[in-house]
Amino acid sequence: MRIAGVFCLGLLVAGCQLISPFAEQQAPGRAGQQQAEPFTQVAAGNYLPPNTAVMQPTKPLSDYAADLALQLLQSMQYQAPSQPIAISSFVQLDTALAHSNALGNQLAEHLFVQLHRLGVVVADIKVARHIRVTPQGDIALSRGAYLDKQQRAAYVLTGTMLQDNAGVVVNARVVNLQSKALLASAQIHIPQFVLASAQANLLTP
């Protein structure tokens with residue numbers, strides 16, 4: 001009986017030695033699976049991998065002009081005047097209020113399109129009374145000295161631009177040319193990276 005007991009004890013010890021290495025081999029496998037799960041989620045698109053540079057979202061300048069036009073229409077309570085609105089270039093907010101630049105001119109051009117799309121009657125003040133036929137082309141636009149009175153624009157859309165550390169603040173307003181009464185107002189902020197993405201120095205006259 002004593003010999004049989006010793007033999008059983010030997011089998012038990014040998015079995016534990018065989019099980020222990022097998023368990024050690026299985027444990028790293030489970031840990032490896034747990035470590036691999038986050039990478040699987042990254043590959044599936046659930047998480048961004050660490051230290052990944054997220055590109056800053058951008059939208060064209062015309063989208064900011066569309067936001068400005070919608071704000072103006074909302075300020076009019078969606079009832080635009082029946083008389084035409086002339087659109088002037090936006091000017092820099094300084095003591096003279098007479099200096100525009102490429103950004104101010106482009107905003108005016110974009111607003112011309114965006115307001116027309118919203119159903120607002122817009123007067124094109126740059127259309128000349130005659131078409132000039134030149135070797136370079138047939139020109140219908142002109143920059144005269146003053147607004148053509150025959151267009152009978154009763155309102156003007158104008159605004160200012162103010163540079164800050166993050167971009168440009170644009171304030172727009174629609175004013176009655178006779179009474180100077182304010183009809184509508186709006187404000188947007190154009191980030192600096194949007195201006196830079198235009199592939200031109202918009203703030204240079």
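Visitor: How many residues does the hairpin use to join β6 to β7?
Guide: Keep in mind that this is a predicted model. In it, β6 and β7 run antiparallel, with ten bridges joining them. One of the pairings puts D164 with G167 in β7. The hairpin gets from β6 to β7 through two residues.

Visitor: And which strand is joined to β7 by nine bridges?
Guide: Let's look at V170, which stands opposite I188 in β8. β7 and that strand run antiparallel, and the one joined to β7 by nine bridges is β8.

Visitor: Which residue takes a positive phi in the hairpin of β7 and β8?
Guide: This hairpin has five residues between the strands. The phi in question is near 65°, and the residue that takes it is K180.

Visitor: Is β7 largely enclosed or not, and how many of its ten residues are buried?
Guide: β7 covers residues 167–176. It is largely enclosed by the rest of the structure because so many of its residues are buried: eight of the ten.

Visitor: Let's move to A154. Does it count as buried or exposed?
Guide: You'll find A154 in the loop between β5 and β6. The cut-off for buried is under 20% relative accessible area. A154 comes in at 13%, so it counts as buried.

Visitor: Which residues is A154 in contact with, leaving aside its neighbours within four places in sequence?
Guide: β7 spans residues 167–176, and the contacts of A154 include V175 and N176. With those neighbours left aside, the full list is Q83, P84, V175, N176 and L177.

Visitor: How far apart in space are A154 and A123?
Guide: Along the sequence, 31 residues separate A154 and A123. In space, going C-alpha to C-alpha, they are apart by 9.4 Å.

Key. Residues are numbered from 1 along each chain as its sequence is written. This is a predicted model: local features need pLDDT of at least 70, side-chain atom pairs count only at pLDDT 80 or more; totals for chains, interfaces and linings use all residues. Side-chain values use heavy atoms; hydrogens and water are left out. Helices (H or I, at least four residues) and strands (E, at least two) are DSSP runs, numbered from the N terminus. Buried means under 20% relative accessible area, exposed over 50%, partly exposed in between (1.4 Å probe, protein chains only). Contact means heavy atoms within 4.5 Å. Two strands pair if DSSP finds at least two bridges between them.
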